[in-house]
Amino acid sequence: MIRFSDNLYVSDSIKEHKLPLYKLGIRQGRGKLKLYLLVLSNNEHDQLDIIHNSMLKQRAYRKLDINIVGLANSYDEALSIVDRILNECMENEGSCNMKEYFHKHFRNIK
């Protein structure tokens, strides 16, 4: 199941009014050429994964619970979002545990 964070981090190059179309396209498996997703990692040792949206077309990903916390139009923009999230996490929690931060502050993340 694909879930979007209620406070989705979005790169500056993604226009706010087109965000619902991006979400719909991701849910329906229609990919965009340059769209990267920041997802909470299902691996217990990792925090966040940056994946290209086309990965969601694979059957293995469709079976997973995917919590999307950010969208970016390039890998570099995705890295800058991770940096922003990490800084917020350090300011609010005093630690680098981004998974715990999302579970604590965003109600729709499982």
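**Entry 1: helix α1 and the residue after it**

A helix here is a DSSP run of H or I with at least four residues, and helices are numbered from the N terminus. I am working with a predicted model, and I began at α1, which covers residues 19-28.

Which residues of α1 are buried? I found Leu19, Tyr22, Gly25 and Ile26. They sit on the same side of α1, because the arc they cover around the axis is only 125 degrees. I then turned to the other side of α1, where Pro20 and Leu21 are exposed.

Next I asked what the buried residues of α1 pack against. My list reads β1 (2-10), β2 (36-40), α2 (59-62) and β4. Stepping just past the end of α1, I came to Gly29, which has a positive phi of about 80 degrees.

**Entry 2: Tyr22, one residue of that helix**

I picked Tyr22 in helix α1 for a closer look. Its relative accessibility is 12%, and buried means under 20%, so Tyr22 counts as buried. Setting aside residues up to four places away in sequence, I noted that Tyr22 touches Ile14, Lys32, Leu35, Leu71 and Asn73. For Leu35 I also looked up the C-alpha separation from Tyr22: 9.0 Å, with their positions 13 residues apart along the chain.

**Entry 3: the nonpolar cores**

How many residues does the largest nonpolar core have? I read 16, and the residues with the most contacts inside this core are Ile26, Leu37, Ile68 and Leu71. I checked which elements feed it: β1, α1, β2 and β4 each supply at least two residues. The element that gives the most is β1, with 4 residues. Apart from this core I found another, of 14 residues, and I jotted down Leu48, Ala72, Ile85 and Cys89 among them.

**Entry 4: Val10 in β1**

I stayed with strand β1 and looked up Val10. Val10 is buried, at a relative accessible area of 15%. Not counting residues up to four places away in sequence, Val10 touches Leu19, Leu71, Ile81 and Arg84. I tried Asn87 as well: Val10 and Asn87 are 77 residues apart in sequence, and their C-alpha atoms are 16 Å apart in space.

**Entry 5: Arg3 and its two partners**

How many salt bridges does a search of the whole structure find? I got 1. Here the side chains of Arg3 and Asp65 meet, with 3.9 Å from N to O. The cut-off is 4 Å, so this pair falls within it. Arg3 belongs to strand β1 and Asp65 to the loop between α2 and β4, so the bridge ties together parts that are 62 residues apart in sequence.

Are the two partners buried or exposed? Arg3 is buried, with a relative accessible area of 15%, while Asp65 is partly exposed at 41% relative accessibility.

Arg3 came up again when I looked at Asn67: the two side chains are joined by a polar contact of 3.1 Å. I placed Asn67 in strand β4, residues 66-72. Asn67 is buried too, at a relative accessible area of 5%.

**Entry 6: the aromatic pair**

Friendly reminder to myself: a pair of aromatic rings is described by the distance of the centres and the angle of the planes. The count of aromatic pairs comes to 1. Tyr36 and Tyr75 form it, with ring centres 5.9 Å apart; their planes stand at 75 degrees, so I logged the pair as edge-to-face.

Where do the two rings come from? Tyr36 is in strand β2 and Tyr75 in helix α3 (residues 75-93), so the pair ties together parts that are 39 residues apart in sequence. I looked up the accessibility of both: Tyr36 counts as partly exposed at 22%, and Tyr75 is partly exposed with a relative accessible area of 41%.

**Entry 7: Ser41 in a loop**

My last stop was Ser41, which I found in the loop between β2 and β3 (48-52). Is Ser41 buried or exposed? At 6% relative accessibility, Ser41 counts as buried. I left aside its neighbours within four places in sequence and listed what Ser41 is in contact with: Asp46, Gln47, Leu48, Asp49 and Lys99. Leu48 was already in my notes as one of the 14 residues of the other core.

Methods:
Residues are numbered from 1 along each chain as its sequence is written. This is a predicted model: local features need pLDDT of at least 70, side-chain atom pairs count only at pLDDT 80 or more; totals for chains, interfaces and linings use all residues. Side-chain values use heavy atoms; hydrogens and water are left out. Buried means under 20% relative accessible area, exposed over 50%, partly exposed in between (1.4 Å probe, protein chains only). A polar contact is a pair of N or O atoms within 3.5 Å; within protein, one must be able to donate a hydrogen and the other to accept it, and residues adjacent in sequence count only if both atoms are side-chain atoms. The arc is that of the directions from the helix axis to the C-beta atoms. Contact means heavy atoms within 4.5 Å. A nonpolar core is a set of buried Ala, Val, Leu, Ile, Met, Phe, Trp, Tyr and Cys residues joined through side-chain atoms within 4.5 Å. Rings of Phe, Tyr and Trp (its six-membered ring) pair if their centres lie within 6.5 Å; planes under 30 degrees apart count as stacked, over 60 as edge-to-face and the rest as tilted.
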